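Trainee: Could you walk me through reading a protein model, one feature after another?
Mentor: Gladly; let us put the structure up and begin.

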Amino acid sequence: MDRFTICDHCNNQFSAARSPLILARCGHTYCKSCVDLRLLQSEEGKQCPECDEFTPLDSIKPNKKVIKVLEINSLEQVTDEPELNNKL
C-alpha cells in the first residue's frame with residue numbers, strides 16, 4: 001500500500017467515503033472523516049494535527065494528486081487480473 005494513499009491521522013486508506021483533503025496553508029492531507037470529525041476547529045479554521053497550522057474552511061480542498069494516484073492504482077489492479085481483462 002502506498003503511503004500517499006493513507007490518511008496520516010487515522011491510518012485508513014483513502015476512498016470515496018474517505019476522500020483526501022489538503023489543508024492549503026500547510027499542505028498536509030487527511031481523509032474527509034478526520035477533517036470533519038477529528039481536526040480541531042476555531043474561528044481561524046481547522047488545525048492541522050501535524051504542524052498546528054490553521055487553514056480556513058474555504059481553503060480545504062480535494063487533493064487532486066492523491067485522487068489521481070488512487071485512480072491509477074485502481075486501474076493497475078484491474079489490469080493485473082487477467083480474467084477481468086477479458087471482460088473489458
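Trainee: Which residue stands opposite Leu21 in S2?

Mentor: Tyr30 does: it is the residue of S2 that faces Leu21. Before we go on, please keep in mind that this is a predicted model, in which local features need pLDDT of at least 70 and side-chain atom pairs count only at pLDDT 80 or more, while totals for chains, interfaces and linings use all residues. Residues are numbered from 1 along each chain as its sequence is written, and side-chain values use heavy atoms, with hydrogens and water left out.

Trainee: How many helices and strands does the protein have?

Mentor: Helices (H or I, at least four residues) and strands (E, at least two) are DSSP runs, numbered from the N terminus. Here there are three helices and six strands. Read from the N terminus, their order is β-β-α-β-β-β-β-α-α.

Trainee: In what order do the strands of the sheet with S1 lie?

Mentor: First the general idea: strands of a sheet pair through backbone hydrogen bonds, either parallel or antiparallel. Two strands count as paired if DSSP finds at least two bridges between them. In this case S2-S1-S6 is the order of an open, three-stranded sheet with antiparallel pairing. Its edge strands are S2 (29-31) and S6 (60-62), each pairing on one side only. From one strand to the next, the twist averages 35°, an angle between N-to-C directions on a scale from 0 to 180 degrees, with axes fitted as lines to C-alpha atoms (for helices, over the stretch in contact).

Trainee: What holds S1 and S2 in register, bridge by bridge?

Mentor: S1 (residues 20-23) pairs with S2 over three bridges, in the antiparallel sense. One of the pairs is Pro20 with Cys31. The two strands form a hairpin with five residues between them, and Gly27 in that turn has a positive phi of about 90°. On to S6: this strand also pairs with S1 in the antiparallel sense, over three bridges, and Pro62 in S6 is the bridge partner of Leu21.

Trainee: Which strands stand at the edges of the sheet S3-S4-S5?

Mentor: That sheet is open and has three strands, again with antiparallel pairing. S3 (41-42) and S5 (54-55) are at its edges; each has a single partner strand, so one side of each is left without a neighbour in the sheet. S3 and S4 (residues 45-47) are joined by two bridges in the antiparallel sense, with Ser42 matched to Gly45 in S4.

Trainee: Which residues form a salt bridge?

Mentor: The rule asks for a side-chain nitrogen of Lys or Arg within 4 Å of a carboxyl oxygen of Asp or Glu. By this rule there is one salt bridge. Lys32 and Asp36 form it, and their closest N and O atoms are 2.6 Å apart. Both residues belong to helix H1 (residues 32-37), four residues apart, or about one turn of the helix.

Trainee: Are Lys32 and Asp36 buried, partly exposed or exposed?

Mentor: Buried means under 20% relative accessible area, exposed over 50%, and partly exposed in between (1.4 Å probe, protein chains only). Lys32 is partly exposed at 36%, and Asp36 is partly exposed at 42%. For the protein of 88 residues, buried residues make up 26%.

Trainee: What is notable about the phi of Asn11?

Mentor: Most residues other than glycine have a negative phi, and most peptide bonds are trans. Asn11 has a positive phi, near 65°. You will find Asn11 in the segment before S1, exposed at 57% relative accessible area. Asp52 also has a positive phi, near 70°; this residue sits in the loop between S4 and S5 and is partly exposed at 47%.

Trainee: Where does Asp58 lie?

Mentor: Asp58 is in the loop between S5 and S6, and its 59% relative accessibility makes it exposed. Asp58 and Ala24 are 34 residues apart in sequence and 9.4 Å apart in space, C-alpha to C-alpha.
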